[in-house]
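Hi,

Here is the structure I said I'd pass on. Have a look, and my notes on the helices are underneath.

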Amino acid sequence: HIISGSFLLLAFIMFILASHLSSGEVFLTMILLSGSTIFGAIYDIWGKRFPLSDFFMAGWMFLLVLAAGSVVTNDPFSSNLIMTVAILGGLQILFNNSVEGGLKDVRNDRKSGTRTLAVITGALLTNKGLKPGFVIEWWGIGLRTATILISASMSYIIAEEEGWGNWIVIAAAVIGIV
């Protein structure tokens with residue numbers, strides 16, 4: 001706890017300092033960083049006790065990116081680039097935790113009585129292999145589809161704003177699909 005608390009305090013000090021140096025909005029930065037910390041703490045304390053508690057991890061990443069963005073701009077919500085990174089970061093954490101992590105840990109989670117999405121939707125890991133089940137398969141496909149669509153559409157918007165050309169949209173979609 002001492003190490004974690006020390007690094008948390010150090011993070012707040014660094015965010016405040018960076019915000020001052022770049023003329024960012026310190027108050028907004030502290031609100032977003034505090035919100036991120038609260039979401040992370042909620043997951044650490046109550047994660048896996050109810051299905052889709054992974055949204056707290058996604059919220060942690062989303063708000064952390066916005067806090068970092070608020071260091072360099074007074075309104076990170078109006079920056080398409082910052083919002084894109086925040087949304088995609090949140091979606092990636094949500095996918096990693098609820099799908100990949102849920103399936104990886106399904107055997108131990110089932111034995112320990114945790115209530116992840118994989119456990120409550122009937123995913124099984126047996127000696128014959130993994131049987132994820134219909135619900136978590138479609139949840140994973142839905143999250144990946146959202147990631148690809150948001151990547152492509154936001155890449156297009158950002159490319160138009162920056163004058164990069166439309167090739168970036170195609171590249172984002174192809175990389176997302178791969």
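Helix 3 (54-72) makes a right-handed crossing with helix 4 (residues 80-104); right-handed means the near helix is turned clockwise from the far one by less than a right angle. This is a predicted model, with local features needing pLDDT of at least 70, side-chain atom pairs counting only at pLDDT 80 or more, and totals for chains, interfaces and linings using all residues. Numbering starts from 1 along each chain as its sequence is written, and side-chain values use heavy atoms, without hydrogens and water.

The axes of that pair come within 8 Å and cross at roughly 155 degrees (lines fitted to C-alpha atoms over the stretch in contact, angles from 0 to 180 degrees between N-to-C directions). Helix 3 and helix 4 are therefore roughly antiparallel (over 145 degrees). Residues meeting across the pair (heavy atoms within 4.5 Å) include Phe55, Trp60 and Phe62 from helix 3, and Ile82, Gly89 and Gly90 from helix 4.

Now helix 1. This one runs over residues 2-21, 20 residues in DSSP terms (an H or I run of at least four). From first C-alpha to last, helix 1 reaches 28 Å, close to the expected 28 Å (1.5 Å times one less than its number of residues). Which residues of helix 1 are buried (under 20% relative accessible area, 1.4 Å probe, protein chains only)? Phe12, Phe15 and Ser19. They sit on the same side of helix 1, because their arc (directions from the axis to the C-beta atoms) is only 65 degrees. Their cover includes helix 2 (26-46) and helix 3. The face turned away carries exposed residues (over 50%), among them Ile2, Phe7 and Leu21. After helix 1 comes Ser23, with a positive phi near 60 degrees.

Cheers

Notes: Helices (H or I, at least four residues) and strands (E, at least two) are DSSP runs, numbered from the N terminus. Angles under 35 degrees count as roughly parallel, over 145 as roughly antiparallel, 65 to 115 as roughly perpendicular and the rest as oblique.
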